[in-house]
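User: I'm new to this structure and would like a close look at one part of it: the salt bridges. Could you walk me through them, and then show me a few other spots around them?

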Amino acid sequence: MSVPAWSLWFLLSALAAVAVVWHYRRREPPGRGRSALAALRASAIAVLLLLLFDPELPAGGGAESPGTAVLLDASLSMTAPGSDPNRTRWEEAVAVARARAGGGPVILFGDRPRVVSPAELAAVEPADARSLVVPALQAAAEAGVRRVVIVSDGGLEDASAAARWAPRLGLNVVPETVGRPLRNRSLVDVSVPAWAEAGQPLRIEFAVAGLGTDSIGVDASSGGRGMGRTVVGGAGAGRLAAGALELRLPASPDGGWTPIEL
């Protein structure tokens, strides 16, 4: 809460206290304990006014300003090589986070947010399967922070959601990206029917993730022989691109399984 807001709260609380005292002296019948009752009522009004003003007490933050929090990506992708081939992204990010935090706590994010001291970062291994920053942004906002520095490799799973949430939370977000961009592609999900008849169409649906690429090719093969190929558009950071392949399986010579590789 700003200084003018605090000043207004003190003024209104003082006026309320004067009004309460006047009421008990002029309107209430005389009796014992009037002063205590007046004090309780004045205090209750002051507390109600304080709730209406909704004050926020900022938590200790980074070196740049008292209201700054440092958020550090602890997902598995941070183990990839950094800008310097002799250092990982995590090692580069820890150095940046310590400099930005200035001795203050650091909020790790990935599967879930958790707070650590800069000294504890030496014992932390980035092993989270996900890279979710929105819960960490919410935790920082609840602590009264107004500015956050996000140190990551840029592969935030919920980057678009974070861009929507930051203004709602009243946060000024400063990204700090470490490492070099990688052409990183992966097959995330595959869905196939429970069974297929030889010679009949077989539809395989899939989802892929990719960074630093505009398109992703997906090939289907069996025993080293190509059976089909399709190309889907590349997805942004933290997003998936869906696609499908339609194949016709030949009959297996021995009537057994027909392995398919994507």
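Analyst: Here is a tour of the salt bridges, followed by a few other places in the chain.

A quick word on the ground rules: this is a predicted model, where local features need pLDDT of at least 70, side-chain atom pairs count only at pLDDT 80 or more, and totals for chains, interfaces and linings use all residues. Residues are numbered from 1 along each chain as its sequence is written, and side-chain values use heavy atoms, with hydrogens and water left out.

A salt bridge here is a side-chain nitrogen of Lys or Arg within 4 Å of a carboxyl oxygen of Asp or Glu. Go by that rule and you get six salt bridges. Let's take three of them in turn.

Start with Asp153 and Arg89, whose side chains meet in a salt bridge at 2.7 Å, N to O. Asp153 sits in the loop between strand E4 (147-152) and helix H5 (159-168), while Arg89 belongs to helix H3 (residues 89-101), so this pair ties together parts that are 64 residues apart in sequence. Those helices (H or I, at least four residues) and strands (E, at least two) are DSSP runs, numbered from the N terminus. Are the two partners buried or exposed? Asp153 has 13% relative accessibility and counts as buried, and Arg89, at 7%, counts as buried too. For these labels, buried means under 20% relative accessible area, exposed over 50%, and partly exposed in between (1.4 Å probe, protein chains only).

Next come Asp128 and Arg114, with a salt bridge of 2.7 Å, N to O, between their side chains. This pair links distant parts of the chain, 14 residues apart: Asp128 is in the loop between strand E3 (114-116) and helix H4 (134-142), and Arg114 is in strand E3. Asp128 is buried, its relative accessible area being 10%.

The third pair is Glu157 and Arg130, where the closest N and O atoms of the salt bridge are 2.4 Å apart. Glu157 lies in the loop between E4 and H5 and Arg130 in the loop between E3 and H4, so the bridge ties together parts that are 27 residues apart in sequence. Here Glu157 is partly exposed at 28% relative accessibility, and Arg130 is partly exposed as well, with 40%.

Now for charges and rings. The charged end of Arg168 sits over the ring of Trp165, 5.4 Å from its centre. To count, NZ of Lys or CZ of Arg must be within 6 Å of the ring centre and within 35 degrees of the ring normal.

Back in helix H3, you'll find Arg100, which is partly exposed with a relative accessible area of 30%. Arg100 and Val149 are 49 residues apart along the chain, and their C-alpha atoms are separated by 7.8 Å.

Two other spots show similar bookkeeping. Gly234, in the loop between strand E9 (225-233) and strand E10 (241-248), is partly exposed, at 33% relative accessible area. From Gly234 to Arg185 it's 49 residues in sequence and 8.9 Å in space, C-alpha to C-alpha. Ser35 lies in helix H2 (residues 34-53) and counts as exposed, with 64% relative accessibility. The C-alpha atoms of Ser35 and Val21 are separated by 7.9 Å, with their positions 14 residues apart along the chain.
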